[in-house]
Amino acid sequence: SDMARMVDGISDDRIELAMRGIEESGRLRAACDRVAAEMLDKPVAALWGSGVAASADMMSLDATRHLWTARIEPRRRTPAVGTYTHVSDRWAIVYDQPIMLNRRQAGAAIEGALQQKVADLQRLAVDTHGFTHFALAAAKLLGFDLAPRLAVLASRKLYLPTGVRVPAELEPRVERIKANRLAREGWDGLLHLVASLEAGYGSPAAVIERHGSAAQGTPVYECGTYLGKVLRSLFLLDYLIKPEFRREVHRLLSQGESVHQLQRALMAGRIEAKHGRTLAEAAAISGALTLLTNVVMAWNTNAMQRTIDRLPHGTFLELHLAHIAPVAHRHINMQGRIRFAVEAYTHLARRRAR
């Protein structure tokens, strides 16, 4: 309605029809991929990262409590829905999906890594909500590593198989695990499950969620959890011993938070009851926000590249360019408001009135 009032000759029915066309399955996803690929094609983007790592995290969007997908956001205690984004280490959002708050996000993290078509991901940084032992094993078998930033790190144990020797000072931090009969029997089933996910049969988010703690006692769950515990111990050793690796994980997650700040600047108001009533509408809202975010970052990247190309070579050091992010937005008119300096022409209006 606001758009129809601003543009002469266009009714709100036509605008709604155009919106429905844009919301059709696949269009927003294809547009996001096209903009992200254009952004990553710039030479300056190669200075921001290797292109094989990304972070995955959820951002809450304010919504009315009348939506069935709305949940109470724990920090602000307000109704909200979630959008789960995968942000490349070169800043582009390579995948997004709607998600409910207060639920484990490990399945969504793996689904985004598999469904995205922009980057060849080898490492995905997540927070504690995006991690389970079973998901860690599934991701490894799918060809990439989950790198979780775990909460309450001081209480985490190193899971090691029985018989593996460790230094005496590490023994208090070690918990011995043993591959029981169910874990050994579940290896073939786990490989079959991973092959099905890689081939595109079924939703990874649904499959990983079904293999949560409620699946204890099943061979596939026991095998995946056993393997995931060993892999998590190897990850923790790298995380604690290698400062460069630890900084890389933190940098990836910080990039995701910076992109969330840009998304919050773009998302004005809250989601009302007439929008987001179905999963398709929620996906359209998440996809539209992702598309606008990628457009802003691509515009900033293009402006940076034009400036670099226009000035003599060596004007900007690559070390400095690597730390300039394309998420600035103060120079962008987010609300589409245009102000005309009519004060300088008030005398003409007075003459015509006479």
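This passage goes through the predicted model from its overall make-up down to helix packing, aromatic rings and a few single residues.

The model is predicted, so local features need pLDDT of at least 70 and side-chain atom pairs count only at pLDDT 80 or more, while totals for chains, interfaces and linings use all residues. Residues are numbered from 1 along each chain as its sequence is written, and side-chain values use heavy atoms, with hydrogens and water left out.

Starting with the whole protein, there are 13 helices and eight strands. These are DSSP runs numbered from the N terminus, with helices being H or I of at least four residues and strands being E of at least two. The C-alpha trace spans about 100 × 55 × 35 Å along its principal axes. Of the 354 residues, 42% are buried, where buried means under 20% relative accessible area, exposed means over 50%, and partly exposed is anything in between (1.4 Å probe, protein chains only). As for contacts (heavy atoms within 4.5 Å), take those with a separation of 6 or more: residues 24 or more positions apart account for 68% of them.

Helix α9, residues 219-241, is a good place to zoom in. Its packing partners include helix α5 (residues 133-142), with the two axes 7 Å apart and at an angle of about 80°. Axes here are lines fitted to C-alpha atoms, for helices over the stretch in contact, and angles run from 0 to 180 degrees between N-to-C directions. That angle makes α5 roughly perpendicular to α9; the bins are under 35 degrees for roughly parallel, over 145 for roughly antiparallel, 65 to 115 for roughly perpendicular, and oblique for the rest. On the α5 side, the contact is made by His133, Phe134, Leu136, Ala137, Lys140 and Leu141, and these meet a set in α9 that includes Val220, Tyr221, Thr225, Leu231 and Arg232. Sorted by class, the α5 contact with α9 has eight nonpolar, four polar and three charged residues. In that scheme Ala, Val, Leu, Ile, Met, Phe, Trp, Tyr, Cys and Pro are nonpolar, Asp, Glu, Lys and Arg are charged, and the others, Gly among them, are polar.

Thr225 is placed in helix α9 and counts as buried, at 11% relative accessibility. Leaving aside residues up to four places away in sequence, Thr225 touches His133 and Phe134. Met58 sits 167 residues from Thr225 in sequence, and the C-alpha atoms of the two are 24 Å apart.

Helix α9 also meets helix α10 (residues 243-266), where the axes come within 5 Å and cross at roughly 100°. The pair α9 and α10 is therefore roughly perpendicular. Phe235, Asp238, Tyr239, Leu240 and Ile241 of α9 make this contact with Pro243, Phe245, Arg246 and His250 of α10. The class count for α9 with α10 is six nonpolar, one polar and two charged residues.

Next come the rings. A search of the whole structure turns up three aromatic pairs; rings of Phe, Tyr and Trp (its six-membered ring) pair if their centres lie within 6.5 Å, and planes under 30 degrees apart count as stacked, over 60 as edge-to-face and the rest as tilted. Phe235 and Tyr239 form a tilted pair, because their ring centres are 5.7 Å apart and their planes are at 35°. Being four residues apart in helix α9, Phe235 and Tyr239 are separated by about one helical turn. Phe235 and Tyr239 are both buried. The rings of Phe235 and Phe245 also have centres 5.7 Å apart, but with planes at 75°, so this pair is edge-to-face. It links Phe235 in helix α9 to Phe245 in helix α10, ten residues apart. Relative accessibility is 9% for Phe235 and 17% for Phe245. Together, Phe235, Tyr239 and Phe245 form one aromatic cluster.

Phe235 shows up again in the surroundings of Leu146, a residue in strand β6 (residues 145-149). Leu146 is buried, at 4% relative accessible area. Beyond four places in sequence, Leu146 touches Leu124, Val126, Gly130, Ala135, Leu136, Ala139 and Phe235.

Finally, the charged end of Lys229 sits over the ring of Tyr159, 5.0 Å from its centre; the test is NZ of Lys or CZ of Arg within 6 Å of the ring centre and within 35 degrees of the ring normal.
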